[in-house]
Amino acid sequence: MADTNANAPNKTGFKLDVQALGPILALVALIVIGALLNPDFLASKNITNVLSRSSFIGIIAVGMTFVITAGGLDLSVGSMTAFIAGIMIMVMNALLPGLGAGWFVILIGMGTGLLVGALAGAANGFLITRMSIEAFIVTLGSMVIFRSLVTWLADGGTISLNFSIGSLYEPVYYGGLFGIRWPIIVFAVVAIIGEIAMRHTTYGRHCSAIGSNEQVARFSAVHVQRVRMTTYVVLGILVGLASVLYVPRLGSASNSTGTLWELETIAAVIIGGTLLSGGFGRVWGTVVGVLILGLIDNILNLTDLVSPYLNGAIQGLIIILAVVLQRARKTSR
Amino acid sequence: MSPANVMPQTGSSQAQKPAAPKLALRNVQRSFGPIQILYDISIELHPGEVHALIGENGAGKSTAMKIMSGYLAASDGVIELDGKPVTFERSREAEAMGVTLIHQEFNLAQALSVEQNIFLGHELKKGWLLDHASMRAQTRDLLEGLETPLDPRIKTSDISVPEKQMVEIAKALSRKARVLIMDEPTAALTTRETAVLFKQIERLKAEGTAILYTSHKLDEVARIADRVTVMRDGRIVRTAERGEMNEDQMAEAMVGRELSDMFPRKHHSDGADPVLEVKNFTIGTLVKDVSFTLRRGEILGFAGLVGSGRTELMEGLIGVRHSTGSVAINGAPIHIHSVEAAMNAGLVYLPEDRKEHGLILTQDMRRNLTLLALKKFSNILIDSKAEEVALDKAIEEFDIRAPSRDVLVGNMSGGNQQKVLLAKIMLADPQIVIIDEPTRGIDVGTKQQFYTFIHRLADEGHSVIVISSEMTEVIGLCDRVCVMRRGEIAGEVNGADVNEDTIVRLAMGLDKKGNGNG
């Protein structure tokens, strides 16, 4: 390979990245398949349903993209959602007698959700960055802890939101602007901010530097521990945000709330092209990954080609396939 | 015809001497891409003989050794084993034929025990189970022979660097090598350990092993080599029998040119203001009570053996390591606890290990270039146009050559990587630039370019600290040299005292001479 002077023509044209195109093609294929199999698939009611259900995973997955890009991992997000939802409902129920069923109580509930999320994320981040414990171990531990805590709080059953508050809170999930539900709007906003932060801010650059080579980052004036810590805190806050939108949907939390969300979240991130080993993250890819997983679930439910019980198996196959494709990209260059 | 054949046979002439060489390179060439690294190399290794290969860093010694031991293929020429041409497809084949290379960088699996490392890939078995008892016993014997009483079961990550070197040697010995190629085995060893190693080398010689030995320590070479080959710029410049060359002649043959050809003219800055004043700087046991002063526009050298604490000292100065002592920049005391704080104070550091500490090999030039000074390009959002402009400037200023602008830095040549790294730290607009091993693993042409860059920095009013293990580099570049030994400044030399002899004596602890370091 001959060296040419790097000052040669500055390419500004958009370069087509076949690998980046993969998830988009998969998404388009799914939409076509869905539309062919069931005419109701493209109905706005169905699309709204798919998107609003996907938005919980989506909001969390945007945060997870940063954690993974910076070389970390968080397995606790699913049970953290259940825990936060439980706490939120208990706080609102407890305030109800004194303050009455009003928006003030709901706002306090929402604030609690975000705060508990931030604290839970900070706890994970602290153990990982300050105590230097493997992210996998820490969050495996906290996953089990949160799950156990919510079971305990619910006394093995379900924590239900008082009906009077519930009906007031409901529009946060079912209502919206211009016919678009709030969860979808929030997901879109989070995704756009995430995409910009990843590609165009120092923070995103630092995350990918840390995930690529922590030592180089350290020698390049990056506050490695601080940045890694914030990825977990931001993820925690986003889990809190997802919980804020999730609670009005069912008005309850139990041991089974958010089960396997961590896997769906991580799967969406990886399908979207973010490297599991860190160093490279793509937020828009994560969004595509979330939509792919959501659509598969929906198609299986709408058609009787394959049992919906096989949803997990198909998701699993897709995750493995995505990683194989990533590997192919790595070796080809 | 190889030069060795025309040399008169002097010195201790053993019976096997005129016999066929055990291993020989005949007119071997090697290129990496368009760059030729080895020209017409012919070397013979005879049984029962120590053949020393010497030369400056980058002279091509490592490449030649890698070709002999099957780690690299020759672009052209013949490798002969016992007089028959061979091609080693890979190093394992060479090993199977009795040719073993002892790496300078350790190839030990840190998580495995000493015993597991020694038998890695050659495990002894009893039936289909591992024969732990024999392996342990043999390991113990091998280490005893090397006077390194280590527990064979100890984890390799828990032993010291010299011990690792001994384990590496034990590993080679366990393979019953007929040809042993040693790449600077004593670089990490103390005098006592070196003596032990030499005893082992004598034993191996007596057993008829052919040994190729490289070292920068010329006194060692004079002591143990039966034959010396000197390389320079990828060519063999001389091969001599024992006693034909003294240390001075070796050094002369290695350098081969007047230093003034390679280095720009020195300039002095005796009267200039002190920019950086370091007093009683201590980092654990690695750096002890170091004090020095750096003046404006000065190029200050830091010499010393590997492991003498130079890199640690600089890492302490930029806040990567915890330190005690006082630092003042432009007369104002400052406590630096992070790379960012160092950068804000006008102090930047170019790390010794460009692949592990300097550059992100999986990212492109632009992202690497601006990583350190990213704040300058960012006001909420990163201004990628400004980044592109900075890259244009860097490419121009430091003559960076790459196949394309968005090539991954890992796919660039070492010299160009180093240029990107220098451009990266200069983007922080520093006053004080610390450059650790400026030309490690870089070809001669680019080296010369780097010397010009460093001088330009000094001319522009930057104050530069250069750490280098290449004596010629320190001597050619620096106005003044601090010599470190075992974490302390053993002495400071300037003017006419900046010469190899004085510096080496200080680095080796042979005398304590200092003018200026009280």
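1. In this predicted model, helix α7 (residues 191-206) of chain B lies across three strands of chain B, namely β3, β9 (179-183) and β10. The helix runs at about 150° to β10(B). A second helix, α9 (residues 247-255) of chain B, also packs on the sheet. Helix α9 of chain B touches β3, β11 (227-232) and β12 of chain B, and its direction makes about 30° with that of β11(B).

2. The sheet under these helices should be described next. The sheet is open and has six strands of chain B, in the order β6-β9-β10-β3-β11-β12, with mixed pairing. Its edge strands are β6 (99-102) and β12 (235-241) of chain B, each of which pairs on one side only. From one strand to the next, the twist averages 15°. For background, strands of a sheet pair through backbone hydrogen bonds, either parallel or antiparallel.

3. Two pairings in this sheet can be followed by residue. Strand β3 (residues 50-54) of chain B and strand β10 (residues 210-214) of chain B run parallel and are joined by four bridges. Which residue of β10(B) is the bridge partner of B:A52? The partner is B:Y213. At the β6 edge, four bridges join β6(B) to β9(B), and these strands run parallel. There, B:T100 stands opposite B:L180 in β9(B).

4. Strand β6(B) can also be read by the direction of its residues. B:V99 and B:L101 point one way, while B:T100 and B:I102 point the other way. Are these four residues buried or exposed? All are buried.

5. B:S174 can be located with reference to this edge strand. The residue belongs to helix α6 (residues 161-174) of chain B. B:S174 and B:T100 are 74 residues apart along the chain, and their C-alpha atoms are separated by 10 Å. B:S174 has 18 other C-beta atoms within 10 Å, so B:S174 counts as partly exposed; being buried would take 20 or more. Apart from neighbours within four places in sequence, B:S174 is in contact with B:I118, B:F119, B:Q138 and B:L142.

6. Chain B contains another open sheet to check. Four strands form this sheet in the order β14-β13-β16-β17 (chain B), and the pairing is antiparallel. The edges are β14 (287-295) and β17 (332-334) of chain B, each pairing on one side only. The twist averages 15° from one strand to the next. Strand β16 (residues 324-329) of chain B is joined to β17(B) by three bridges, and the two run antiparallel. Within this pair, B:A328 has B:P333 of β17(B) as its bridge partner.

7. Some totals for chain B follow. The chain has 19 helices and 24 strands. Of its 518 residues, 47% are buried. Among contacts in chain B with a separation of 6 or more, 68% are between residues 24 or more positions apart. The domain assignment gives domain 1 (3-98 + 177-256), domain 2 (259-346 + 431-518) and domain 3 (356-429). The C-alpha centres of domain 1 of chain B and domain 3 of chain B lie 39 Å apart.

8. The secondary structure of chain A comes to 14 helices and four strands. Buried residues make up 50% of its 333 residues. Of the contacts in chain A with a separation of 6 or more, 78% join residues 24 or more positions apart. The C-alpha trace spans about 75 × 55 × 35 Å along its principal axes. What radius of gyration does chain A have? Chain A has 21 Å, which agrees with the value near 20 Å for a compact globule with 333 residues.

9. One helix pair in chain A is worth tracing. The axes of helix α8 (residues 182-200) of chain A and helix α13 (residues 283-302) of chain A come within 8 Å and cross at roughly 145°. The contact is made by A:A191, A:G194, A:E195 and A:M198 on α8(A), and by A:V283, A:W284 and A:V287 on α13(A). The residues of this contact divide into five nonpolar, one polar and one charged.

10. Last is helix α9 (residues 202-212) of chain A. How many of its eleven residues are buried? Ten are, and the helix is described as mostly covered. Among the buried residues of α9(A) are A:T202, A:R205, A:H206 and A:S212.

How values were computed:
Residues are numbered from 1 along each chain as its sequence is written. Chains are lettered from A and ligands numbered from 1 in the order in which they are written. This is a predicted model: local features need pLDDT of at least 70, side-chain atom pairs count only at pLDDT 80 or more; totals for chains, interfaces and linings use all residues. Two strands pair if DSSP finds at least two bridges between them. Axes are lines fitted to C-alpha atoms, for helices over the stretch in contact, and angles run from 0 to 180 degrees between N-to-C directions. Two residues are in contact if their C-beta atoms, placed from the backbone, lie within 7 Å. Ala, Val, Leu, Ile, Met, Phe, Trp, Tyr, Cys and Pro count as nonpolar, Asp, Glu, Lys and Arg as charged, and the others, Gly among them, as polar. A residue is buried if 20 or more other C-beta atoms lie within 10 Å of its own, exposed if 12 or fewer, and partly exposed in between; C-beta atoms are placed from the backbone. The radius of gyration is taken over C-alpha atoms; the globule rule is 2.2 Å times the number of residues to the power 0.38. Domain bounds come from an automatic or database domain assignment.
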